[in-house]
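Colleague: Hello! Could you walk me through this one, starting with its pocket and then turning to a helix?

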Amino acid sequence: MLDALKKFFKDLSSDHEEAVRFGEDDERLAVAALMFHIIAVDGDVEQQELDQFKQVLQQQYELTEDDTQVLMRLAQERDEEAVDLYGFTSVLKRKMEPEQRLKVIEALWEMVYADGSVHEFEDNTIWRVAELLGVSSRDRMQLKQKVAQRQKGSNAPHPKGNQ
């Protein structure tokens, strides 16, 4: 019984520590949740997508392995709880400059191209996120082409859905 109580309080404090590290209004959590949404929107989360997700988070935010794992888990939880994309994009629109929002769209394209293909749901989701962030269609498409060119050597994209 005592061990169960200790574990309960330890779990509570660890959840609290994670919430402090990545609070509801933390732009890193909002970006990570959008990234997870992109890799899950086609209904198939592949290991190469998770690897890319981890790599982009670590590079973009200079996170430790432990912090990256926590952020990935919290991002998945937030995405699964979300009813729309606005909760994430409103945080980003409030806290980020327009140039930073372009980086978010670029990171989302990185997620799309992680498996070597562009699904129509992924493309449509980025269009909606870009609209909510105030990123122009021109900038969105230029970032898509930029990431596609970068990925061309390793993953030639091919459409999974109707485009």
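Colleague: What volume does the largest pocket have?

Modeller: Happy to help; this is a predicted model, where local features need pLDDT of at least 70, side-chain atom pairs count only at pLDDT 80 or more, and totals for chains, interfaces and linings use all residues. Residues are numbered from 1 along each chain as its sequence is written, and side-chain values use heavy atoms, leaving out hydrogens and water. A pocket is an open set of points on a 1 Å grid where a 1.4 Å probe fits, with protein on both sides within 12 Å along at least five of seven lines. Filled with probe spheres set on its points, the largest pocket has a volume of about 180 Å³.

Colleague: Which helix gives the largest share of the lining of that largest pocket?

Modeller: Lining residues have an atom within 4 Å of a point, and here they include Glu24, Arg78, Gly87, Phe88 and Val91. Helices are DSSP runs (H or I, at least four residues), numbered from the N terminus. Helix H2 (27–40), helix H4 (65–81) and helix H5 (86–95) each give two or more residues to this lining. The largest share, three residues, comes from H5.

Colleague: Why are the buried residues of H7 on the same side of the helix?

Modeller: Buried means under 20% relative accessible area with a 1.4 Å probe, protein chains only. In H7, the buried residues are Glu122, Asp123, Thr125, Ile126, Val129, Ala130 and Leu133. Taking directions from the helix axis to the C-beta atoms, they sit on the same side of H7 because they cover an arc of only 160°.

Terms used
Buried < 20%, exposed > 50% of the residue type's maximum accessible area, 1.4 Å probe, protein only.
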